[in-house]
Amino acid sequence: MTFETIKLPTASVGNGAHIHLHRFGSKGGKKVYIQAGLHADEYPGLLVAQHLLRHLQQLDQQGAINAEIILVPFANPVGLRQRSFGHVIGRCDWHTGQNFNRNMAINADQVMTSLIGSFGDDLIENDQLMRTGLKNLVSQRSDDFEINSLHKILLSHSIDAHYVLDLHCDDVALPHIFYGVHQQRTGKALANALGFRICLEEDVTGTVAFDGTHTQPWVNVENRLGRKIFSQPCFAATLELRGKSDVSPELAEQDCLGILDFLTHEKLIDRVQAPQKPFELRQLGVDQVKMVKALMSGIVTYRSKLGDTLKAGAPFADVVLLDSPTAQSIPIMAPCNGVLFSITGHHFITKGDTIAMLATDEQQIKAGTQLAF
Ligand SMILES: [Zn+2]
């Protein structure tokens, strides 16, 4: 077990920020990287990380960790200090306007130019070449602007991992996870361990977040060569730990144990696993999520609950207008059939805001489109 403090380059004169990094197990085998709070205003993961810290310390003392496990308990000190009139803003960088969870993808041309000629027929050797190559590319990244140096530091510890779990949350939502559609088996194992029913599968070819940054290069190389050349590409997932207000020791412990069950399932730790109750997963492409946008401004209230199956044309919410000469409430109809899994906690909404997300059976948006900005 080690505990490290890693300083970010000073963003301005007299300013400093750092991250902490806990390292468990030993190097040389599989590597797991878990971080919380890349969107600094999402707190459930920060608490889950502390529960993980306690359990992983115990497991390490028992010699029950079969991999190197890195835990970054707060991945975004830059966002955490973005307080505005008492509120942590934390989602986008104030200096550049950039979402902290976007725009860090490994340049595909650089991967092809620098690596594609070195792969042979040995899949395990190819894995090692890829991991070393990706680490080199990260080390060459620009670190102008604090957000870029933050990304560079995080990726320098994560890009060669076999498993990456990035802990986030939605606004008000059922728990759900994102992962690459090419990794359904592992994604399903993760969802089962966590007890999360909704799995959103991405093709990782378009804009990617932190998770897709780790899987996209592997997919790109195999697609370019037209054959399987890797043994164990990185599996990466974003865990949406319900909504921003779902912060409690009970939920944090439950999610922590779910993550440990997944690590046990993957033989990365030795631990007695609680028997899992079977339940039905809903695995769908991200492009099958229907985002319902507000067509007017006002106060939104919901008739339906998270988890309800909505019928096309049936009212599930209302917008109460604030600027009408007479009191007026407009019912909002479900645009299609689907399971309501995310709503807004900002009851005052303006035209264009997303007020609901439905898990549906049909394609709703172009593949590769991101659900949130
Ligand atoms: Zn987030």
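What spacing do the donors of the zinc ion follow along the chain? The spacing is H-x2-E-x125-H. Keep that pattern in mind. One caution before we go on: this is a predicted model.

Let's take the metal site. The protein donors of the zinc ion are His-39 through ND1, Glu-42 through OE, counted twice, and His-168 through ND1. They lie 2.0 to 2.4 Å from the zinc ion. What about the geometry? The angles among the four donor atoms run from 56 to 144°. Tetrahedral would need all angles between 85 and 135 degrees, so this site does not qualify. The site is irregular. And the surroundings? Both His-39 and Glu-42 are buried.

Now the sheet. Nine strands form an open sheet, and the pairing is mixed. Read across, the order is E1-E2-E4-E3-E7-E11-E9-E10-E12. Strand E1, residues 2–8, is one edge, and strand E12, residues 282–285, is the other. Each of these pairs on one side only. On average, neighbouring strands are turned by 20° against each other, direction ignored.

Zoom in on one pair. Strand E9 covers residues 176–180, and strand E10 covers residues 198–202. E9 and E10 run parallel, joined by five bridges. Gly-180 stands opposite Glu-202 in E10.

Last, a helix. Helix H7, residues 210–225, lies across five strands: E3, E7, E9, E10 and E11. H7 runs at about 160° to E11, which spans 235–243. Strand E7 is 163–170, and zinc donor His-168 falls within that range.

That's the tour: an irregular zinc site, an open mixed sheet, and H7 lying across part of that sheet.

Terms used
Residues numbered from 1 in each chain as written. Predicted model: local features only at pLDDT ≥ 70, side-chain atom pairs only at ≥ 80, totals over all residues. Heavy atoms only, no water. Pairing = 2+ DSSP bridges. Helix = DSSP H or I, 4+ residues; strand = E, 2+ residues; numbered from the N terminus. Axes fitted to C-alpha atoms, helices over the stretch in contact; angles between N-to-C directions. Contact = heavy atoms within 4.5 Å. Donors = N, O, S within 2.8 Å, 3.2 Å for Na, K, Ca; no water. Tetrahedral: all angles 85-135°; square planar, octahedral: opposite > 155°, others 65-115°. Buried < 20%, exposed > 50% of the residue type's maximum accessible area, 1.4 Å probe, protein only.
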